[in-house]
Amino acid sequence: MKLALVGYGVWGELILRDLLELGVAVDVVEVNASRRQLALDAGADGSLASIDTIEGVDGIIIATPATTHAAVILQLDACKNTVPIFCEKPLAGSTADARILTERAGPPLYVMHIWRYHAGIRKLKEVYESGAIGELTMIRTVRANWTSSRTDVDALKNLAPHDLSIFQFIIEDLPSVVCATSERIDGKVVGCIGVLKNDSGPVCIFEVSNRYGEKRREVRLHGTKGVLVLPHDRGASIQYIRGAGTILPEMVEAIRFEPVSALKTELIAFLEYLKTGDASHLCSVEDGAAVVIELDNIFRFT
């Protein structure tokens with residue numbers, strides 16, 4: 001199998017590394033000549049300066065800056081590309097672009113929402129769906145660190161897509177924002193807290209920030225009979241606290257999972273789709289667009 005990887009930045013390096021480990025031949029498309037050479041040095045099968053020269057591949061992965069995703073996808077369509085596309089999150093930089101991508105007539109398009117493939121998130125969903133914590137009442141996430149290397153998007157559009165995709169994955173729906181507030185420096189969002197809720201289903205609360213001195217990643221599922229916690233993005237267990245909120249919990253237990261690479265897991269899902277046509281483990285363009293649209297709704301609240 002051979003893929004084209006469009007964009008060879010920090011994330012593109014990781015994608016190429018994992019694809020090579022999975023035995024996939026990769027042509028890297030990158031406008032920067034020195035980056036193209038680095039890709040070849042890292043093991044790329046070939047390097048291209050423009051996407052209109054892509055040929056002989058089974059699929060395409062896009063790892064360019066978020067604000068360029070729509071333009072790259074539409075350019076591929078204009079070049080008569082016929083193979084499926086796997087695009088890094090977020091799908092697009094705006095609601096308008098996201099809607100264009102859902103209405104295009106090109107080949108299948110899927111979105112790389114990596115936290116859907118995190119083993120801890122999947123364990124949270126598995127245990128919740130077993131009935132262990134009863135009816136789900138709240139999902140709360142914290143995603144914080146100090147500054148960011150991303151300059152094309154702010155903290156909201158860089159970090160919150162992960163959390164919205166987690167809500168979407170856990171409850172198979174994306175609630176609407178009911179309130180949000182942000183912290184800004186020089187007019188740019190550096191932190192945001194948002195609350196999402198539909199008429200039925202749990203309240204979903206996220207906090208994202210580039211103003212924490214330490215990296216924090218926490219996901220909590222609260223239910224009528226207990227709480228599940230993924231305390232950070234690295235590790236091999238989630239915490240199960242059984243009880244309805246009395247002074248002492250009935251039981252506190254660590255539930256282990258195999259800490260496999262989320263990136264490699266989602267790449268395997270795309271490769272399996274290319275082999276079998278089964279897209280059930282991929283994030284659809286419609287779900288990806290819903291995240292972008294809700295991000296814009298949240299921004300308007302702030």
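This report walks through some local features of the structure above, from its aromatic rings to its strands and loops. Please keep in mind that the model is predicted.

**Aromatic rings**

A good place to begin is with the rings. A pair of aromatic rings is described by the distance of the centres and the angle of the planes. The model holds three aromatic pairs. One of them joins F86 and F270, whose rings are stacked, with 4.7 Å from centre to centre and 20 degrees between the planes. F86 belongs to strand β5 (residues 85-88) and F270 to helix α7 (residues 262-276), so this pair ties together parts that are 184 residues apart in sequence. Both F86 and F270 are buried. They also belong to one aromatic cluster, formed by F86, Y110, F270 and Y273.

Rings can also have a charged side chain over them. K125 lies over the face of F169, 4.3 Å from the ring centre. In the case of W115, R143 lies over the face of the ring, and the value is 4.3 Å from the ring centre.

**Around K89**

Next, turn to K89, which sits in the loop between β5 and α4 (95-103). Is this lysine buried or exposed? With a relative accessibility of 7%, K89 counts as buried, because the cut-off for buried is under 20%. Apart from neighbours within four places in sequence, the residues in contact with K89 include H69, V111, M112, H113 and R150. K157, N158, P161 and H162 are also among its contacts. The side chain of K89 reaches the backbone oxygen of N158 at 2.4 Å. I114 is 25 residues away from K89 along the chain, and the C-alpha atoms of the two are separated by 8.1 Å.

The bond that follows is worth a look as well: K89 and P90 are joined by a cis peptide bond, with omega about -15 degrees. P90, too, has its place in the loop between β5 and α4.

**Cysteines**

How many disulfides does the model contain? The count is zero. Two cysteines help to show why. The sulfur of C87 is 11 Å from the closest cysteine sulfur, that of C283, which is too far for a bond. For C179, the closest cysteine sulfur is in C192 at 9.8 Å, again too far for a bond. C87 is buried, at 0% relative accessibility, while C179 is partly exposed, at 39%.

**Paired strands**

Strand β12 (residues 226-230) pairs with strand β13 (residues 237-242) in the antiparallel sense, over four bridges. V227 has I241 of β13 as its bridge partner. Together β12 and β13 make a hairpin with six residues between them, and G235 in the turn has a positive phi of about 140 degrees. On to the next pairing: β13 and strand β14 (residues 251-256) are also antiparallel, joined over six bridges. Here S237 has R256 of β14 as its bridge partner.

**Positive phi in loops**

Finally, here are two residues other than glycine with a positive phi.

| Residue | Phi | Loop | Relative accessibility |
|---|---|---|---|
| E172 | near 55 degrees | between α6 (155-171) and β8 (177-185) | 62% |
| D186 | near 55 degrees | between β8 and β9 (188-196) | 82% |

E172 counts as exposed, and D186 is exposed as well.

Notes. Residues numbered from 1 in each chain as written. Predicted model: local features only at pLDDT ≥ 70, side-chain atom pairs only at ≥ 80, totals over all residues. Heavy atoms only, no water. Phe/Tyr/Trp six-rings, centres within 6.5 Å; stacked < 30°, edge-to-face > 60°. Helix = DSSP H or I, 4+ residues; strand = E, 2+ residues; numbered from the N terminus. Buried < 20%, exposed > 50% of the residue type's maximum accessible area, 1.4 Å probe, protein only. Lys NZ or Arg CZ within 6 Å of the ring centre and 35° of its normal. Contact = heavy atoms within 4.5 Å. Polar contact = N/O pair within 3.5 Å; in protein donor to acceptor, adjacent residues only side chain to side chain. Disulfide = S-S within 2.5 Å. Pairing = 2+ DSSP bridges.
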